[in-house]
Amino acid sequence: MDAETEYIFLNEKDLAGCNACMGCVEGDCVIDDDGNEIIKALLDADVLVFSSPIYYGQITAQAKSFIDRFYQISRNPEKSLEGKKVVTIFTQAQPENVFGPYIESFKTMPFGFMGMEVVGN
């Protein structure tokens, strides 16, 4: 099966966190960085493979900033992630059960909240 893929390495992007200014309600985020480009790619995608190492019990700051930018989708009725599939990949150096509940929580928030379905992790 052939598929078109795009790799986006968040650590190579200029990506600020959401500041909840509500400027996105009428369109794109008002922050002038790579965030809108990344969100547009996500909106066009059928499947998201979301991968992050776990540092100090959490996903990376870059991954969190990306997720925080979902705000512009949740506030704008013209944008939706409903029905998109997600595969999550988290790396960490602890026994599997240490971060299991944290990793499972992504099925609910943020992905489930946005109408996405986690199909593998």
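This passage describes the nonpolar core and the two largest pockets of a predicted model.

A good place to begin is the interior. The largest nonpolar core has 25 residues, and within this group Phe50, Phe66 and Phe111 touch the most other members. Two or more core residues come from each of the helices α1 (35-44), α2 (61-68) and α4 (96-105), and likewise from the strands β1 (47-55) and β3 (85-91). Phe66 gives a closer view of this packing: beyond its neighbours within four places in sequence, Phe66 is in contact with Leu10, Leu15, Ile38, Ile39, Leu42, Leu48 and Phe50.

Attention then turns to the pockets. The largest pocket has a volume of about 1,000 Å³. Its lining comprises 26 residues, with Glu6, Tyr7, Ile8, Leu48 and Val49 closest to the centre. At least two lining residues are supplied by each of α1, β1 and α2, and β1 makes the greatest contribution, with seven. By residue class, the lining of this pocket consists of 16 nonpolar, six polar and four charged residues.

The second largest pocket holds about 310 Å³ of space. Of the 16 residues that line this second pocket, Lys64, Ile67, Asp68, Met109 and Pro110 lie nearest its centre. Here β2 (58-59), α2, α3 (71-74) and α4 are the elements giving two or more residues to the lining, and α2 gives the most, with three. Ten nonpolar, three polar and three charged residues make up the lining of the second largest pocket.

The helix α2 thus links the three parts of this account: it gives two or more residues to the core, at least two to the lining of the largest pocket, and three to that of the second largest.

Methods:
Residues numbered from 1 in each chain as written. Predicted model: local features only at pLDDT ≥ 70, side-chain atom pairs only at ≥ 80, totals over all residues. Heavy atoms only, no water. Core = buried A, V, L, I, M, F, W, Y, C linked by side-chain atoms within 4.5 Å. Buried < 20%, exposed > 50% of the residue type's maximum accessible area, 1.4 Å probe, protein only. Helix = DSSP H or I, 4+ residues; strand = E, 2+ residues; numbered from the N terminus. Contact = heavy atoms within 4.5 Å. 1 Å grid on protein atoms, 1.4 Å probe; cavity = no way out; pocket = protein on both sides within 12 Å on 5 of 7 lines; lining within 4 Å. Points joined across faces, edges and corners; volume = space filled by probe spheres on them. Nonpolar A, V, L, I, M, F, W, Y, C, P; charged D, E, K, R; others polar.
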